[in-house]
Amino acid sequence: MEANLRAVSQWLAEADPRPGAVWAAWEQHGVALLPLGRLFDAVRVPAEQVHAATGSENPKTVETALLAWLDGPVIRDLRSSMGPYYMLIAPDADWGGPAERLTTGTYFGVPRPGHATMLSRWVVLPPHPGALCDTRHLRTLLATATPLRTVGR
């Protein structure tokens, strides 16, 4: 497990032209700002939508559901109780989904894999270097959020 965590961390660090700076930021702050559009983009999904789609606000339940649906990396913003989720996708992936895509020109705070921070946390770690969420699965998951929210009212 430790070797895989190191390999995933190295892959993430290589999103920046200066991977050493990423390692230094992780060491000092627990989070590093990585440029999007190189190795991955991020799709920002409101917590309410994720919770409706997964049928729960319980972190373990959400983690299990996202792992099963997406089998790719997901980060949660912890700065508020309704902080959004960020699904990492390929820069060349077709999106056009209902949530905002962040890409080239944007820097994204990525927590050090295997470590918790006060700002954000990994909900689902990449299972291996290069693993990203499948946008078709993400669109399908988010399509369930609206009907579930309507039924629950």
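This report walks through helix packing, a pocket and a handful of individual residues in a predicted model.

## Helices α1 and α2

Let's start at the N-terminal end. Helix α1 covers residues 2-13, and helix α2 covers residues 19-29. The two pack with their axes 8 Å apart, at an angle of about 120°. That angle makes α1 oblique to α2. On the α1 side, the contact uses R6, S9, Q10, L12 and A13, while α2 brings P19, V22, W23 and W26. Sorted by class, that gives six nonpolar residues, two polar ones and one charged.

S9 is worth a stop of its own. This α1 residue has a relative accessible area of 4%, so it is buried. What does S9 touch once its neighbours within four places in sequence are left aside? The partners are W23, W26 and P113. W23 and W26 are also among the α2 residues that make the helix contact.

## Helices α3 and α4

Next up is α3, residues 47-54, which packs against α4, residues 59-70. Here the axes sit 10 Å apart and the angle is about 75°. Roughly perpendicular is therefore the right description for this pair. V50, H51 and T54 make the contact from α3, and V62, A65 and L66 from α4. Four of the contact residues are nonpolar, two are polar and none is charged.

How much of α3 is buried? Seven of its eight residues are, so the helix is largely enclosed by the rest of the structure. The buried set is A47, Q49, V50, H51, A52, A53 and T54, and V50, H51 and T54 from that set also take part in the α4 contact. After α3 comes G55, with a positive phi near 75°.

## A positive phi at D71

D71 is in the loop between α4 and β3. Its backbone deserves a look: phi is near 45°, which is positive, and the residue is not a glycine. As background, most residues other than glycine have a negative phi. D71 has a relative accessible area of 46%, so it counts as partly exposed.

## V43 and its surroundings

V43 sits in strand β2, which runs over residues 41-45. Is V43 buried or exposed? Its relative accessibility is 0%, so it counts as buried.

Leaving out neighbours within four places in sequence, V43 has contacts with Y85, Y86, M87 and I89, plus W95, A99, E100, R101 and L138. Strand β4 spans 85-89 and β5 spans 100-102, if you want to place those partners while browsing the structure. V43 and P91 are 48 residues apart along the chain, and their C-alpha atoms are separated by 11 Å.

A second C-alpha pair links V43 to D92: here the separation is 13 Å, with the two positions 49 residues apart along the chain. D92 itself belongs to the loop between β4 and β5. Where V43 is buried, D92 counts as exposed because its relative accessibility is 71%.

## The largest pocket

The largest pocket has a volume of about 190 Å³. Which residues line it? The list is V31, I75, R76, D77, R79, Y86, F108, G109, L119 and S120. In terms of class, five of these are nonpolar, two polar and three charged.

Two strands each supply at least two lining residues: β3 (74-77) and β6 (107-111). The largest share is from β3, which gives three. Y86 has a place in the lining, and Y86 is also one of the contacts of V43.

## L78, in the loop after β3

L78 lies in the loop between β3 and β4. With 33% relative accessibility, L78 counts as partly exposed, since that label covers values between 20% and 50%. Ignoring residues up to four places away in sequence, L78 touches T117, M118, L119, S120 and R121. L119 and S120 turn up in the lining of the largest pocket as well.

For T117 there is also a distance: its C-alpha is 8.6 Å from that of L78, although the two are 39 residues apart in sequence.

Key
Residues are numbered from 1 along each chain as its sequence is written. This is a predicted model: local features need pLDDT of at least 70, side-chain atom pairs count only at pLDDT 80 or more; totals for chains, interfaces and linings use all residues. Side-chain values use heavy atoms; hydrogens and water are left out. Axes are lines fitted to C-alpha atoms, for helices over the stretch in contact, and angles run from 0 to 180 degrees between N-to-C directions. Angles under 35 degrees count as roughly parallel, over 145 as roughly antiparallel, 65 to 115 as roughly perpendicular and the rest as oblique. Contact means heavy atoms within 4.5 Å. Ala, Val, Leu, Ile, Met, Phe, Trp, Tyr, Cys and Pro count as nonpolar, Asp, Glu, Lys and Arg as charged, and the others, Gly among them, as polar. On a 1 Å grid over the protein atoms alone, a cavity is a set of points where a 1.4 Å probe fits but cannot get out, and a pocket is an open set with protein on both sides within 12 Å along at least five of seven lines; lining residues have an atom within 4 Å of a point. Grid points are joined across faces, edges and corners, and a volume is the space filled by probe spheres set on the points. Buried means under 20% relative accessible area, exposed over 50%, partly exposed in between (1.4 Å probe, protein chains only).
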